[in-house]
Amino acid sequence: MAALSRGLFIFVETNFLAEDIESRVNGIMIVGVGNSGSKLAQLVVPGSPKIEVRTLEYSRQRDQRVLEVGDVPEAAGPMTLIDDIVVSGLTLARVAAEIGEEVDASVGLLYKSKSATKLAGVPITYSFRYSRDGGGTPPINSAESLLENPDRLNALSERYFLGNEREFGKLLEGLLA
Amino acid sequence: MINVNTTQDLREAYSGSDRDIRFPDNSNLLLVPERLGSDKVEELQDFGSTFQRSLHLRRN
């Protein structure tokens with residue numbers, strides 16, 4: 001019965017987020033962070049550069065994940081990082097550390113957490129700042145990231161959809177088809 | 001603070017000025033990659049609720 005109380009899906013369409021981000025970053029050089037952040041950045045400004053972020057060691061505790069950050073594109077001026085979801089702030093912190101220049105971030109959904117904004121260490125504007133009834137962090141993922149990261153998909157499926165992992169995977173594939 | 005229980009709630013929040021939103025404690029949030037037609041969104045939401053009922057039956 002516990003799983004029933006976790007069954008509500010809310011779909012967040014990235015074009016809504018892209019339109020909102022575009023209104024905030026017009027004219028500034030933007031760089032997508034990771035695959036899903038890059039896809040969002042492409043919706044804002046086609047051809048935007050990307051910074052690769054790879055999870056070397058997965059953990060449900062997002063701020064405990066071990067990340068590898070790829071090459072940073074050259075920028076003539078201030079840079080705005082684009083990401084779809086910021087929960088712990090770890091990814092932004094790691095990327096900003098690699099850049100080492102003037103940088104801020106514009107994101108779709110930002111978890112309402114003082115520790116997240118503190119860890120990120122860069123100014124963040126957002127489309128939505130979210131929290132959850134009763135506290136804690138609602139599981140939030142992009143369909144694309146889940147399909148690209150089997151560890152994440154497995155962890156989420158086993159926690160919330162045990163016995164229905166294949167149906168959940170098919171749902172995600174259907175979204176991206 | 002806007003309570004968001006459905007994707008439609010989220011759309012309404014998007015059109016407003018209050019960007020602080022709160023999800024119910026039973027929510028799984030999924031970002032989908034492109035603007036979907038309302039029919040597709042309804043289909044996905046139906047799938048979610050169907051999935052929920054399916055899970056409910058199996059657990060029982």
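Start with the contacts across the whole of chain A: among those with a separation of 6 or more, 57% are between residues 24 or more positions apart. Keep in mind as you look around that this is a predicted model.

**The whole chain**

Show chain A as a cartoon. You can look for seven helices and nine strands. Now switch to the C-alpha trace, which spans about 55 × 35 × 30 Å along its principal axes. How does the radius of gyration of chain A agree with that of a compact globule? With 177 residues, such a globule would have a value near 16 Å, and chain A has 16 Å, so the two agree. Of those 177 residues, 37% are buried.

**Strand β7**

Next, select residues 103-111 of chain A, which form strand β7. Why is this strand largely enclosed by the rest of the structure? Eight of its nine residues are buried, so the surroundings largely enclose it.

**One side: strand β6**

Add residues 79-86 of chain A to your selection. This is strand β6, which runs parallel to β7(A) and is joined to it by seven bridges. To see one pairing, pick A:T80: its bridge partner in β7(A) is A:D104. Then follow the chain from β6(A) through helix α3 (residues 90-99) of chain A to β7(A); this β-α-β crossover is right-handed.

**Another partner: strand β8**

Select residues 124-132 of chain A, strand β8. Six bridges pair this strand with β7(A), in the parallel sense. For an example, pick A:S106, whose bridge partner in β8(A) is A:T125. The path from β7(A) to β8(A) goes through helix α4 (residues 114-120) of chain A, and this β-α-β crossover is right-handed.

**Helix α2**

Now move to residues 34-44 of chain A, helix α2. Nine of the 11 residues here are buried, leaving the helix mostly covered. Try colouring some of the buried ones, including A:G34, A:K39, A:L40 and A:V44.

**Last stop: A:S145**

Finish at A:S145, which you will find in helix α5 (residues 143-148) of chain A. Is A:S145 buried or exposed? It has 20 C-beta neighbours inside 10 Å, so A:S145 counts as buried. Leaving aside residues up to four places away in sequence, A:S145 touches A:N35, A:S36 and A:R152. Draw a distance between the C-alpha atoms of A:S145 and A:N35: they are separated by 7.2 Å, although these residues are 110 residues apart along the chain. A:S36, also touched by A:S145, is one of the buried residues of α2(A).

Methods. Residues are numbered from 1 along each chain as its sequence is written. Chains are lettered from A and ligands numbered from 1 in the order in which they are written. This is a predicted model: local features need pLDDT of at least 70, side-chain atom pairs count only at pLDDT 80 or more; totals for chains, interfaces and linings use all residues. A residue is buried if 20 or more other C-beta atoms lie within 10 Å of its own, exposed if 12 or fewer, and partly exposed in between; C-beta atoms are placed from the backbone. Helices (H or I, at least four residues) and strands (E, at least two) are DSSP runs, numbered from the N terminus. Two strands pair if DSSP finds at least two bridges between them. A crossover is right-handed if, with the strands pointing away from the viewer, the path from the first strand over the helix to the second runs clockwise. Two residues are in contact if their C-beta atoms, placed from the backbone, lie within 7 Å. The radius of gyration is taken over C-alpha atoms; the globule rule is 2.2 Å times the number of residues to the power 0.38.
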